[in-house]
Amino acid sequence: MTMLKIKDISVRLGQFELAGVNFEVARGEYFVLLGMSGAGKSVLLQVIGGLIPASGGQIFLDGKDISGEKIQRRRVGIVFQDSALFPHMNVYGNIAYPLKSLKHRAGETDRKVRELAGLTGVDHLLKRAVANLSGGEAQRVALARALALDPSCLLLDEPLSALDVQLRGELRSLLREINRRGQTIVHVTHDYEEAAVLAGRIGVIEGGTVVQEGTTAQVFQHPKSEFVARFVGIRNFFRGMLDKEKGREEGRGKGSLRRFTTGGIGFTLLSDEPPGEGYVVIRAEDVIISNDLASSSAVNNFSGVITGLEPARMGTEVMVDIGISLGVLVSDDSAASLELAGGKNVWVSFKASAIKFIRK
Amino acid sequence: MNGYQPMKLLFAFLGGLVLLFIVAPLAGLFLATSPAEFFETASDKEVAGSIWLTLWTSMMATLLFGMAAIPFSWLLARRKFPFKKFISAVINVPVVIPHSAAGIAILGFVARDSAVGQAGEKIGLNFVGSAPGIIIAMAFVSIPFLINAARDGFASVPEKLEKAALNLGASPARVFFTISLPLAWRSILSGLIMMWARGMSEFGAVVIVAYHPMTTPVLIWERFASFGLDWAIPVAAVFITVCLVFFIVLRMVATRYDNVED
């Protein structure tokens with residue numbers, strides 16, 4: 001069932017323009033809008049929230065047209081990149097703000113504030129002034145505050161971009177947990193890794209419009225336009241399982257050789273992530289193609305058949321079927337000297353360190 | 001850095017001259033007033049009455065007109081509307097025109113034969129030669145100080161916070177009272193103090209609209225004109241003391257508020 005439907009939304013802000021944006025988000029879905037900075041992602045979120053008026057189009061929330069609805073009645077909670085906490089209130093005051101706006105009873109407000117602070121892990125900070133919060137804490141409070149609105153849809157505007165890697169990981173888990181509880185989320189980001197980790201579905205926004213929409217695998221493996229391909233930059237994007245580490249003892253050095261299986265194929269890679277489901281990314285330019293198996297330091301060697309050659313921005317992209325389809329980027333000169341052509345048998349090789357694992 | 005030393009000394013010397021220029025006449029005023037004279041003047045009924053009148057009329061002017069000026073300042077800071085630049089210029093007119101001219105203008109506006117004067121008379125309000133007239137004259141010349149300070153205060157509040165509050169279900173009025181006003185409060189408070197101070201010290205406009213009842217600036221002038229400098233000095237010393245005490249107390253209250261906020 002559709003929770004949020006964006007229909008032909010257009011906006012003109014000076015030089016900037018959103019033209020005919022369309023997408024739908026199902027109830028309980030985690031939808032990530034992926035685009036470069038300046039693509040209009042944040043503007044789009046603010047249009048949904050009513051903070052910026054659209055010049056055309058409609059927005060439906062839970063089946064109701066909210067295009068002309070007042071901001072304060074829309075019930076879509078926005079979490080801004082810089083949290084936008086109210087500096088003259090403490091953490092409790094911030095989380096309680098929407099509850100007081102909605103005129104909840106004092107007892108109910110108190111119960112809800114504590115419940116949300118517990119969920120977001122800020123229950124020990126309730127009396128803290130917001131100026132004394134770290135970046136991660138501030139974003140958790142901002143999340144709790146937006147959730148206090150009991151929003152039909154939660155809108156996240158690059159909520160992780162100001163945080164360091166470890167905090168980002170923790171906050172991602174929290175976002176997944178919030179989504180698991182049934183909260184519909186629209187999250188905008190420029191970080192494809194963030195999209196891969198969090199998204200149920202992805203919409204790619206370019207030049208003021210959504211150019212592709214689909215599951216993570218659909219978008220990453222079959223980019224519809226050159227922009228999408230270049231932006232997500234990864235033809236070789238595979239979902240699968242990372243095995244347990246073999247023979248690794250507690251406290252041993254990080255990054256041992258691990259096994260990742262996808263579609264019946266096994267890759268060897270370096271990772272210190274816990275075992276489990278995830279994605280691997282292999283940059284097409286990191287894969288070596290040869291007519292015979294050459295001895296090298298590459299531990300991943302597969303024989304396969306060339307299924308296609310496509311001109312790429314730099315050189316030629318060769319698609320090789322090794323059981324799964326692998327993209328290899330070679331220069332035009334190499335393609336000619338190796339006499340690469342459709343149907344030819346070749347070897348592809350890449351090092352364990354050329355594979356990047358992204359935990360789902 | 002040593003190269004700057006002579007320049008720093010010169011600047012400090014110039015600063016000292018300016019400071020002396022401000023402090024010396026005031027100090028002279030107090031040195032010319034003996035303690036006995038000072039207390040005698042302070043207990044003079046006419047003086048005490050005028051000080052009280054000055055204090056409460058300037059406070060009323062600040063509060064009454066502030067209630068309209070503060071929301072208006074928010075509009076000036078946040079909204080675009082036709083003739084905004086022109087309106088902003090008009091607001092500062094009372095600062096740049098001679099205050100006697102301002103007094104004449106107000107007198108014409110509130111005189112008994114004017115529309116405002118006649119309307120006031122119907123509800124028993126007489127503006128000429130009365131406290132309400134003094135309040136209007138004080139407000140006229142002092143309101144730009146509040147509007148400018150409050151507008152700058154509202155402009156410095158990140159608009160995103162107001163938008164975030166709206167997004168969190170708050171009505172525009174709630175956003176104004178719970179977000180914009182508290183965050184701009186420092187500037188508004190300083191604007192209110194400036195407006196009050198400016199109203200309290202007003203002579204030119206007040207003397208034309210209401211020679212009687214006499215505010216202290218008018219009383220000081222009257223004593224000077226009728227009896228000479230010796231009679232005016234103690235009144236001036238007492239009035240300046242009262243003003244200083246009030247401002248020091250207000251500043252302390254404001255500073256304490258600032259510290260609480262931090």
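1. In this predicted model, chain A and chain B bury about 1800 Å² between them, and carbon and sulfur atoms give 65% of that area. The size of an interface is often given as the accessible area lost when the parts come together. The contact itself draws on 23 residues from chain A and 18 residues from chain B. Within the part of the area that chain A buries against chain B, A:Q72, A:H88 and A:Y97 supply 34%, which is more than any other three residues.

2. It is worth looking next at the polar side of this interface. Across the boundary of chain A and chain B there is one salt bridge, and A:D82 forms a salt bridge with B:K160 in which the closest N and O atoms are 3.1 Å apart. Seven residue pairs are in polar contact across the interface of chain A and chain B, with both residues of each pair at pLDDT 80 or more.

3. Which elements of chain A each supply at least two residues of the side that touches chain B? They are β6 (76-79), α2 (91-101) and α4 (135-148) of chain A, and the largest share, four residues, comes from α2(A). Sorted by class, the residues of the side of chain A that touches chain B divide into 15 nonpolar, five polar and three charged.

4. A second boundary lies inside chain A, where the domain assignment gives domain 1 (2-237) and domain 2 (238-359). The C-alpha centres of domain 1 of chain A and domain 2 of chain A lie 35 Å apart, and their contact takes twelve residues from domain 1 of chain A and 19 residues from domain 2 of chain A.

5. Between domain 1 of chain A and domain 2 of chain A the buried area is about 1300 Å², of which carbon and sulfur atoms give 53%. The count of salt bridges between domain 1 of chain A and domain 2 of chain A is zero, while two residue pairs, both at pLDDT 80 or more, are in polar contact there. On the side of domain 1 of chain A that touches domain 2 of chain A, two or more residues come from each of α6 (192-198), α7 (216-221), α8 (226-232) and β11 (236-242) of chain A, and α6(A) gives the largest share with four residues. By class, that side of domain 1 of chain A has five nonpolar, three polar and four charged residues.

6. Turning to aromatic rings, a search of the whole structure finds 17 aromatic pairs over all chains. One of them joins A:F238 and A:F267, with 6.0 Å centre to centre and 45° between the planes, and this pair is tilted. A:F238 belongs to strand β11 of chain A and A:F267 to strand β13 (residues 265-271) of chain A, so that the pair, 29 residues apart, links distant parts of the chain. A pair of aromatic rings is described by the distance of the centres and the angle of the planes.

7. Salt bridges deserve a final point. Over all chains, the whole structure holds 23 salt bridges, including one in which the side chains of A:R114 and A:D110 meet at 3.2 Å, N to O. Why are A:R114 and A:D110 separated by about one helical turn? The reason is that A:R114 and A:D110 are four residues apart in helix α3 (residues 106-120) of chain A.

Methods
Residues numbered from 1 in each chain as written. Chains lettered and ligands numbered in written order. Predicted model: local features only at pLDDT ≥ 70, side-chain atom pairs only at ≥ 80, totals over all residues. Heavy atoms only, no water. Domains from an automatic or database assignment. Contact = heavy atoms within 4.5 Å. Buried area = accessible area lost by both parts, 1.4 Å probe. Salt bridge = Lys/Arg side-chain N within 4 Å of Asp/Glu carboxyl O. Polar contact = N/O pair within 3.5 Å; in protein donor to acceptor, adjacent residues only side chain to side chain. Nonpolar A, V, L, I, M, F, W, Y, C, P; charged D, E, K, R; others polar. Phe/Tyr/Trp six-rings, centres within 6.5 Å; stacked < 30°, edge-to-face > 60°.
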